[in-house]
Amino acid sequence: MPPTDRRVFLRTVALAACARGGFAAESDAQFVREASFYEKLAYKKIKCKLCPRECVIDERERGYCGVRENRGGTYYTLVHSRVCAAHIDPIEKKPLFHFHPGTLALSVATAGCNVNCKMCQNWDISQVRPEQVRATYLPPATLASAARANQCDSIAYTYSEPVIFYEYMADSARAGRAAGIQSVVVTGGYIQQEPLKQLCGLVDAIKVDLKAFSQKFYKEVVNGELKPVLEALVAMRKLGMWTEIVYLVVPTLNDGDAEFKGLARWVRSELGVDVPVHFTRFHPEYLLKNLPPTPLQTLERAKAVADAEGLHYVYLGNVPGHPAENTYCPKCHRVVVKREGFSIDGVFLKKGKCQYCQQEIAGVWKG
Amino acid sequence: MRTSGSALLKALDRTVQGVYDRDNALEAWKRVARPGEVVGLKVNCLAGRGASTSVPLVEAICERLQQAGVPARNIVIWDRLNDDLESAGFRIQTSGGRLRCLGNDVAGYEGDLVEHGSAASLLSKTLTQTCDAVINLPVLKDHGIVGVTMALKNLFGAIHNPNKYHSDVGDPYVADVYMLPPIRQKVRLAICDAITAQYEGGPSYMPQWDWSYNGLIVSRDPVALDYTGWQIIERKRAEKGHKPLKETGRQPKYIATAADPAHRIGTNDPARIDRVEL
């Protein structure tokens, strides 16, 4: 299901709830644009070059994502401006903890995804085709205007998988930038290097859902691959993109100490100790309803392992009120951003530095 | 069996008689559906005219069903999309007490997932709510990802997310999707349209690789049908100088999976397939 807690429906964008089995509210033609990043092959086949899957697609067929279609040897996205979920969320909900805390993000999604995680929380929009979910036409300029009208500092591309609505995301990021609105991306990071490089020139922060630190999990639970995601994370950092990582801890499947340690060491060596890592609690959903929610002790164990490896900003998620929601200065260890759930109770920073010891706190801060 | 031109109806009768072991064609057709049942005809129209289930074949089946006591209003021709059906030459008809013809995009999908093994899908309401019985009407053709597409693969048209199940040459996805209970329970007969078949370049229509097989392959066992069709395609590929599907990385392993002890959808053992050419 799309997020339901604390959501505020846009007054300016009257979306129907994401009802399955419904029909697009508007005509299909307005959502169709030629896709970026593909190669034309013989006999009107095409090869998609957007994500590492590189689907080879026959005429009238779609890729794994279900939202890009070969029509007569030309590849089209079917979801440009085809928004099936739109909410105003605190930026902390993405979660981005080191990016303008306390601000709002106008958060949008289209149908579709380029993986099929068994624990997906939003499967009823991510694992369907665009025509199978109600949607509304929300072109980039209107989206940017809606963000301004609703006092949102940013547009967040989220809920499903924004890589698969790349063209809409890119156009909206441009429209947002022209209107003084920033863009943040919530993604699985399963994307090829060239589109990623171009995206990093358009958006301001990316949160990556690193689903596990093992190829086995990626193959069996995600239907994807780990290596391209790690390569994408490295590329984001090299391109100077503000990046945070979420690791959803799934009981029995990716919750071993060795995996936590491997992840923390990799982050330290390849990305740096200042990249925030959020260990978040799993709730039984979709195809993993047989597993229990993540025990708090498991999350705390993950944090302890990552802390011991020297990461500066390790958080716990989906455990409102836990002290590990706060940001602590890595030098004096005092709280510099105090949080309660998605609320900010206090920011004790001055120009991005700890107000107590002047230690620089990595992130993108206001004032 | 083989067909030629106007012999289609006669050929259809003989094959269905053969499958149901009846002396009389009408008696055989009465075995397909009981009085009062709604019969779905699951065609395969992705490729448009040329490599889709042919309209004359479907018309012939509709004619025989009606003669066997199934009124037109209880016959539903269906596939994924209205556009696909129209591109193959079918006329959309959703109401009026007549024979219906519609895509899942109009009929919609159930709200709850059904699962088997690797497959988890929402099923077409046409399958779950409208039809009591289904006649599966695939086309004999090559498939660029999963090797071949016939009876088993045609039921991808009953689920909302077929794009998720082409990885690993469709194995075990094709077999797992066929195991979803409403599919297993309702599909009673498969009639594979092999009048014009395609040995390379599928599932799109590629006229340079089609040939007039002039046949129908009819079976109540979709695995046996797919195995038989696969061998026909391999023979044609060899005749035309194409590599076996195995050498192209497209051996349809899902056929064996569908026959394994975990699925038992049918048999792929040539020694157990009673192939009767009429």
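**Exercise 1. Work out which share of the chain A contacts between residues at least 6 apart in sequence joins residues at least 24 apart.**

Start with the term: two residues are in contact if their C-beta atoms, placed from the backbone, lie within 7 Å. Among the contacts in chain A that span at least 6 positions in sequence, 70% join residues at least 24 apart. Run the count again on chain B, and 69% of its contacts between residues at least 6 apart join residues at least 24 apart.

A quick word on the ground rules: this is a predicted model, where local features need pLDDT of at least 70 and side-chain atom pairs count only at pLDDT 80 or more, while totals for chains, interfaces and linings use all residues. Residues are numbered from 1 along each chain as its sequence is written, and chains are lettered from A and ligands numbered from 1 in the order in which they are written.

**Exercise 2. Check the radius of gyration of each chain against the globule rule.**

Step one is the rule itself: the radius is taken over C-alpha atoms, and the globule value is 2.2 Å times the number of residues to the power 0.38. For chain A, with 367 residues, a compact globule would come out near 21 Å; the chain has 20 Å, which agrees. For chain B, 278 residues give a value near 19 Å, and the 17 Å of the chain agrees with that.

Next, the spans along the principal axes. The C-alpha trace of chain A covers about 60 × 45 × 35 Å, and that of chain B about 50 × 45 × 35 Å.

Finish with burial. A residue is buried if 20 or more other C-beta atoms lie within 10 Å of its own, exposed if 12 or fewer, and partly exposed in between, with C-beta atoms placed from the backbone. On that count, 51% of the 367 residues of chain A are buried, and 55% of the 278 in chain B.

**Exercise 3. Take stock of the secondary structure, then trace the β-α-β unit of chain A.**

Helices (H or I, at least four residues) and strands (E, at least two) are DSSP runs, numbered from the N terminus. Chain A has 8 helices and 22 strands; chain B has 11 helices and 10 strands.

Now the unit. Strands pair if DSSP finds at least two bridges between them. β16 (residues 277-281) and β17(A) are parallel partners over 4 bridges, with T280(A) opposite G317(A). Add helix α8 (residues 296-308) of chain A, and β16(A), α8 and β17(A) make a right-handed β-α-β unit. Right-handed here says that, with the strands pointing away from the viewer, the path from the first strand over the helix to the second runs clockwise.

Last, look at the faces of β17 (residues 314-317): V314(A) and L316(A) point one way, Y315(A) and G317(A) the other, and all are buried.

**Exercise 4. Find the edge strands of the open sheet β18-β19-β20 in chain A.**

The 3 strands run in that order, with antiparallel pairing. β18 (327-328) and β20 (343-347) each have a single partner strand, so they are the edges, and one side of each has no neighbour in the sheet. β19 (residues 335-340) pairs with β20(A) over 4 bridges, and R339(A) stands opposite I344(A).

**Exercise 5. Locate the buried side of helix α2 (residues 25-32) in chain B.**

List the buried residues: A25(B), A28(B), W29(B) and V32(B). They cover an arc of only 95° around the axis, going by the directions from the helix axis to the C-beta atoms, which puts them on the same side of α2(B). Their packing partners in chain B are α1 (8-20), α3 (55-67), β6 (133-137) and β9 (187-198).

**Exercise 6. Pick out unusual backbone geometry.**

Most residues other than glycine have a negative phi, and most peptide bonds are trans. K94(A) and P95(A) are joined by a cis bond, omega about -5°, and P95(A) sits in the loop between β9 (85-90) and β10 (104-109) of chain A. The bond from D171(B) to P172(B) is also cis, with omega near 10°.

As for phi, R60(A) has a positive value of about 70° and is buried, with 21 other C-beta atoms within 10 Å. R264(B) has a positive phi of about 50°, but is exposed, with 11 such atoms within 10 Å.
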